[in-house]
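Me: I am new to this structure and should be grateful for a close look at a single part of it. Please describe how the two domains of one chain meet.

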Amino acid sequence: MYTEIIMDYYKYPKNRGKIQNPDIDFKDSNPLCGDVIEMSIRVNDKHIKDIKFDGTGCAISQASASLLTEMVQGKSLEEIKKLDKQELLENLGTPNLGPNRIKCALLSLKVLKYGVYSYLGEKLQTQE
Amino acid sequence: MSQIKSLNISKIREDFPILKRKVNGKPLIYLDSAASSQKPFQVIKTIDDFYSTYNANIHRAIHTLGEEATAAYEAARKKVAKFINAKLSQEIIFTRGTTESINLVASAWGRHNVKEGDLIVLTEMEHHSNIVPWQILAKEKKARIEYIRFDENGVLIKEDIRKLIDKNPKIVAVSHVSNVFGTINPIKEIVNFAHRNGTLVLVDGAQSVPHMPVDVQDLDADFYVFSGHKMLGPTGIGVLYGKKELLEKMEPYQSGGEMISEVHLQESKYKDIPYKFEAGTPNISGPIGLAAAVDYLESLGMKNVREHEKELVRYALEKLSKVEGLKIYGPKDPEIRGGVITFNFYNNGSLIHPHDVSQVLDSEGIAIRSGHHCAMPLHEKLNLPATCRASFYVYNTKEEIDQFVSALEKIRRFFS
């Protein structure tokens, strides 16, 4: 479960921090385990110009958030709306996470999508 | 008084089939008994025997199987009564577990005795099951809840106990042993204070009855509740002990079959206790399995069980205090601590998340619990999102604690 990718992003996170005066700033937590992720984003012409994450929690939640910021850099908001959770899980090297830990891995994506949807004034239909 | 003797742990371990299995290729080290204990084959076989040889619905059956099942169910009630030294077996109500027992009291007693402006006293270290039912009652009745605080050692503050009980609460609901700190609370003292001004006391014994001798008459508790599955018994069975005169005055909790003596179109008469509180076909194999668990524990002797765990706690506290970056919560004195050790692990000052700790331990075959242990207010006060908890029982050994400690050292290397 603790793949090299996860341990690397956990120990040496990329894009950790906060963007000053962001266009999107969204924060959520996983109440059961206490993982917290905040995403701050600067938007330019409906594309992500800059993105940072901040938060606390387990290695999986923090590594996932860091990796996700790299995945979406420069992408359009429409592309982010369509981003599939399996793509994130596979990039983490953990395509088959069990039911308990998958929530840790997907918190960052949930925060990003909620942020983008609320920026666009739309409502996110969640499956869960 | 029976003499304290040390338990033959390797013989005990042979009674628990699950301890033979491997987890992730390693022998299972089960340190999560505070959440649910493992079961000896004596309990498993007793339940199997019930379903294989005398399964039938209880009470009113005029046939052999029904009579045998009824006899076993009622014998279990007597056995449990004796185990906690209740005066009468009618004072034992079978429930689904500690949670249902507390809900029963909050509803059947609370709704008829707590009124607007009344005070309910709890403690900051309670499990959610001893908070939420009282919150619902307080909201319905516009009553208030105040909390006895705990200090930096996870011990209830004595002045708070006096001060809050002096406000004449209707009831004090308190855990005998904290499921997070392991603190053994001064129940006799609390009951003594409370009874001076007619306040009732409910004791949550989920973490005490499995681990130490409990005498409800000596404690003089008005209600005492616990679960079967934490004391070597099956899940889905719990106990509410209540003093006869209180139970008799209470209205039913759930209603329907089994709890009535007469039903007419417009009104019904209820049975006497304990049946008034056991509506519907009960969990029959539950009490029968629980009775087998009581037999097993009595064969070990509860004093010996307590001594064994005290020794494990003393040993674990000593070993863990040498692990760099490990912070232990709760009292350091094994005399006032049950077999629960809650901790967090820091690497150069930053928290290794408890889920990461327990996940890596699992890869070593070691089962501990991580999270808020159904005690969010306690964790909020400590400003922690979660903690790790290792808990011990009759089948745990010092060798297992050694392996647990060396696995923790591995975790530090892994995350640094």
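**The interface between the two domains of chain B**

Reply: In this predicted model, domain 1 of chain B and domain 2 of chain B bury about 2,500 Å² between them, and 65% of that area lies on carbon and sulfur atoms. On the side of domain 1 of chain B, Met302(B), Leu378(B) and Tyr393(B) supply 25% of the area buried against domain 2 of chain B, more than any other three residues.

The bounds of the two parts come from the domain assignment of chain B. Domain 1 is made of two segments, 9-30 and 301-415, while domain 2 covers 44-299. The C-alpha centres of these two domains of chain B lie 28 Å apart. To the contact between them, domain 1 of chain B contributes 33 residues and domain 2 of chain B contributes 32 residues.

Polar and charged groups also take part in this interface. Between domain 1 and domain 2 of chain B there are 16 residue pairs in polar contact, counting pairs in which both residues have pLDDT 80 or more. Across the same interface of domain 1 and domain 2 of chain B, one salt bridge is found. Glu124(B) and Lys381(B) form a salt bridge through their side chains, with an N to O distance of 2.7 Å. Glu124(B) falls in the range 44-299 of domain 2, and Lys381(B) in the range 301-415 of domain 1.

Which elements of chain B each supply at least two residues of the side of domain 1 that touches domain 2? They are α11 (302-320), β14 (340-347) and α13 (376-382) of chain B. Of the elements on this side of domain 1 of chain B, α13(B) gives the most, with six residues. The range of α13(B), 376-382, includes the positions of Leu378(B) and Lys381(B). Thus α13(B) holds one of the three residues named above for buried area as well as one partner of the salt bridge. Met302(B), another of those three residues, stands at the start of the range of α11(B), 302-320.

By class, the residues on the side of domain 1 of chain B that touches domain 2 of chain B comprise 18 nonpolar, seven polar and eight charged. Taken together, the picture is of an interface with 65% of its buried area on carbon and sulfur atoms, accompanied by 16 residue pairs in polar contact and one salt bridge.

Methods:
Residues are numbered from 1 along each chain as its sequence is written. Chains are lettered from A and ligands numbered from 1 in the order in which they are written. This is a predicted model: local features need pLDDT of at least 70, side-chain atom pairs count only at pLDDT 80 or more; totals for chains, interfaces and linings use all residues. Side-chain values use heavy atoms; hydrogens and water are left out. Domain bounds come from an automatic or database domain assignment. Contact means heavy atoms within 4.5 Å. Buried area is the accessible area (1.4 Å probe) that two parts lose on being put together, summed over both. A salt bridge is a side-chain nitrogen of Lys or Arg within 4 Å of a carboxyl oxygen of Asp or Glu. A polar contact is a pair of N or O atoms within 3.5 Å; within protein, one must be able to donate a hydrogen and the other to accept it, and residues adjacent in sequence count only if both atoms are side-chain atoms. Helices (H or I, at least four residues) and strands (E, at least two) are DSSP runs, numbered from the N terminus. Ala, Val, Leu, Ile, Met, Phe, Trp, Tyr, Cys and Pro count as nonpolar, Asp, Glu, Lys and Arg as charged, and the others, Gly among them, as polar.
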